[in-house]
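This briefing covers one protein chain, beginning with its surface and moving on to its fold. Please look over the sequence and the structure before reading on.

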Amino acid sequence: MGALLLVLLLAVVLFGLGFAVKVLWWVALFVLAVWLLGFVVRSVDGAGGRSRWYRW
């Protein structure tokens with residue numbers, strides 16, 4: 001009985017971990033798309049050159 005509960009608990013943990021990893025992949029893809037879009041949609045500064053879209 002204990003082994004069965006251990007196997008069920010392991011299955012639930014692995015399912016939850018797999019779901020979390022899948023969500024993190026979607027978040028990473030969204031952040032990558034926004035980051036790449038930032039290079040395309042940069043503003044133009046007063047001198048006619050391209051300015052940085054980030055404030056580092």
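About 5,400 Å² of the protein is exposed, and carbon and sulfur atoms supply 78% of that area (Shrake-Rupley method, 1.4 Å probe; for residues, only the protein chains shown count as cover). This is a predicted model: local features need pLDDT of at least 70, side-chain atom pairs count only at pLDDT 80 or more, and totals for chains, interfaces and linings use all residues. Residues are numbered from 1 along each chain as its sequence is written, and side-chain values use heavy atoms, with hydrogens and water left out.

**Fold**
- The protein has one helix and zero strands (DSSP runs, numbered from the N terminus: helices are H or I with at least four residues, strands E with at least two).
- The end C-alpha atoms of α1 are 57 Å apart, which agrees with the 57 Å that its 39 residues should span at 1.5 Å a residue (1.5 Å times one less than the number of residues).

**Burial**
- Of the 56 residues, 2% count as buried (under 20% relative accessible area; exposed is over 50%, partly exposed in between, with a 1.4 Å probe and protein chains only).
- One of the 39 residues of α1 is buried, so the helix lies largely in the open.
- Leu32 belongs to helix α1, residues 2-40, and counts as partly exposed because its relative accessibility is 41%.
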